[in-house]
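The following exercises concern cysteine pairing and the lining of a pocket. Please work through each task before reading its solution.

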Amino acid sequence: MKEFLTLSAGWQFKQRDQSMQLEEDFNLLEGWNPTSVPGCIHTDLLGADLIPDPFYGMNEQEVQWVGESDWLYRYFFTIPDEFEKRPALDLCFDGLDTFATIWLNGKEILTTANMFVPYRVPIRGIAKVGHNELRILFESALRRGKELEQQYGKRAAWNTDTSRVYVRKAQYHYGWDWGPTLITAGIWREVRLEAYNARIDNIFCPAEVSEDLKSATVPVSVEIVNASSLPLSLNLILFDHYGIAISEATIPISDSKINQIFEISDPLLWEPSGRLGAQPQYRVEARLLYGEKELDNKACKFGIRRLRLLQNPLEGEEGSSFTFEVNNMPVFCRGANWIPADSFTTRVTRENYESWLQLAVTANMNMLRIWGGGIYEEEAFYDLCDELGIMVWQDFMFACGIYPAHPEFLKSVKVEAEATLRRLRNHPCLVLWNGNNEDYSIAQSLGVYDVNFEGDFTATAFPAREIYERLLPESCARLDPTRPYRPGSPYGGADADDPTQGDRHTWEIWHKQMAKYQDYRKFEGRFVSEFGMQGSPTLETLVSFLPPGELHHQSRTYEFHNKAPDGYRRLAVYLSDNLPTPANLEEYIYATQFIQAEALKYAVMDWKRRWQGKGKEYVSGVLVWQLNDCYPAISWAIADYLGKPKAAFYTLKRAFNHLAIGLDWASKNKATYWATNTDSRERNLTLELKVISLEGKELVSNRSEVTIPANCATELDELEFEAVEPLVIVAALLDNGEIVRCASLWQEPFKYLALPDPRLKITRLEGEVLLLEVKKPVKGLWLSADVEVQWSDNFLDLMPDDPQVIVASGLGEGTITACCLAKGGYIIKKFTA
Ligand code: BMA
């Protein structure tokens, strides 16, 4: 059998003392601190109480020396007896961050310069029976990057230090417009000893489904190391979703690569979340045999689905669609951009991933984009996405920069891409490989992108086209031919901002000209893969990182945690355009979350309206920037660093629902309304329209029956009324007399509406089920509590005579605080229900 030993507990580390020879520094008995692996230098220092919490207050500034220093790690170990019986002995490093030199028993065995690459070093002959010593030097990535920059020349990059483009390390570690500058080093993924005769290196199961979805072919390929060392055979068993073995083959091994094709009739298909069907997975188990003796085994899970990225001509409009089709049905993609869930990624547990991904599913999302300035995520992330039906758009790790393409860099990127493809390609959740984030945008802004140039990219001012247009597509085609690849995001051919083809990042709102968020529809794309608006974190999260004297929205520390250089100024503009000026922190939190929630609602509703059925997929997806935070920041995240949803989470959840109703002004006294249905079922419902005065008087009310066809938006009609007083228009869809969706349309900006006190009443129906009633219309009623509560819905628009029932899980005997707009300002009231 193959033997394993994980080297996790018992490591030691210390800061490199540059006044000493390296050898002497390692030999010194003093100064070493205990730690375990995986981790990073900041968490190691935190664990040893040697630095303050870099997330608290302005401590980030106090710990910058950590990223500027070199670090030493050492580990003593004995090799177990049974390892001696195997001819091969390897030391495996799944991830080293980033510039490491490694010695085993005094002999240099490895130097590294790419945190995304796993390394395997044969150490038979170097490792000894008895005591062994492993030494690692991590050099400052900041310093090494600057040396490379000096050697090869300074290149442009958005967000922080430009030397980052030379370093194959998570780019957000250098700081971003939502994240601190914390340049880590260390052993960030597992370290293992492996001893074996022969072993299974890799299994790949690129299942292909027939066009009629009735059968699937599964060509299994298995790579074996030391295949010819002994007369070996490989036993393969295919299991279905229920764990029942459905096919088996045993193949004598004559080559390091074994191929076997399995056929499956009537396969169970993997479906994205929110559709009929589930997320079944098949499994292949491989056993490497020497006679009857098992030398190694490995299993591989995979899903079966027919995936296509369609870019077809559109009826009556320029350009082409950008539509994901799964199992022959086009999907409207609803989701968000994912950034690493912590500045120190080794702190993110499976439970953390689970709660983030569950939050995404609760918000009716079916896609996440793993943004290119972070990391290729941990196995648990993709496993959970497989299980939950979250489609993953995977960027390669390049973001907002003009990356180099000298031979050494290309070589490193190739190894990185191949390792990543091999690791992730069996996951059914993965639907797209994408070359980079916004590198075409920056090249375009510098005038160095010429779409017609086809020669040697490395000799141009945009050299990394060699990576995005040659190296990566070639690696993808060779190692993962079943998935689409795109050079970049956004990418529209000649123009990265092209609204008529490819994907688009819509930043005319918030960045660029700071257009009004009510105008999102003017800045659409065929697939909007980024757009967003900032909102404050919740009070609890603010309390966790703001020192008591700084607990104010205009304090130095509050603004320090808004990493967008002009973030608070931009927020101030959107606030003053729309809402009364907040008088205190609580009002400010509410008001900025209000702005974010409203902005995202406008965007999603406007763009979903343009998903109009076959040949008219004018917009096929919306991914909000951003789902999560890596640090307690004032950012675009829809839930803050501690995972607490902001108001935008609830508006998105409603707008991302398969069924939604939209309202818009056609003129002062006329409104249009439409419905969106991204589900495969047609719906027959009752539509109710009302015009209500702000004092709660019903001015118009009518009902009609509507049919809402499947998987498209439907324009319904127009409503004309007499525009006599400030009023609100309400549209509701009812199923068997019960309201299933509703929307309201107000005469904006809200700052001009002197909304009356809605006279909210909260009644506890039973347990944690609450009834909410108002006497006057209220916009964006926000509920919070003095205990941890999960609200089934929140940030609600409520109308008189339309009581709403919500569930407040965890409320117990807690006190509720309700906040809303009223009387030209805000009211905040406490309730005991
Ligand atoms: C985008 C992203 C990030 C950035 C965000 C907010 O375009 O790609 O680089 O954090 O905008 O500014």
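**Exercise 1.** Determine why C712 forms no bond with the closest cysteine sulfur, and state whether C712 is buried or exposed.

*Solution.* The closest cysteine sulfur to that of C712 belongs to C333 and lies 16 Å away, which is too far for a bond. A disulfide is defined as a pair of cysteine sulfur atoms within 2.5 Å. By this rule, the count is 0 disulfides. C40 likewise is in no disulfide, the nearest cysteine sulfur being that of C630, 12 Å away. For accessibility, buried means under 20% relative accessible area, exposed over 50%, and partly exposed in between, with a 1.4 Å probe and protein chains only. C712, at 11% relative accessibility, is therefore buried, and C40, at 5%, is buried as well.

The model is predicted: local features need pLDDT of at least 70, side-chain atom pairs count only at pLDDT 80 or more, and totals for chains, interfaces and linings use all residues. Residues are numbered from 1 along each chain as its sequence is written, and side-chain values use heavy atoms, without hydrogens and water.

**Exercise 2.** Describe the largest pocket by its volume and its lining.

*Solution.* A pocket is an open set of points on a 1 Å grid over the protein atoms alone where a 1.4 Å probe fits, with protein on both sides within 12 Å along at least five of seven lines; lining residues have an atom within 4 Å of a point. The largest pocket holds about 1,700 Å³ of space. Its lining comprises 49 residues, of which D94, R192, K298, E379 and R423 are the closest to the centre. Helix 8 supplies the largest share, 7 residues.

Definitions and conventions: Points joined across faces, edges and corners; volume = space filled by probe spheres on them. Helix = DSSP H or I, 4+ residues; strand = E, 2+ residues; numbered from the N terminus.
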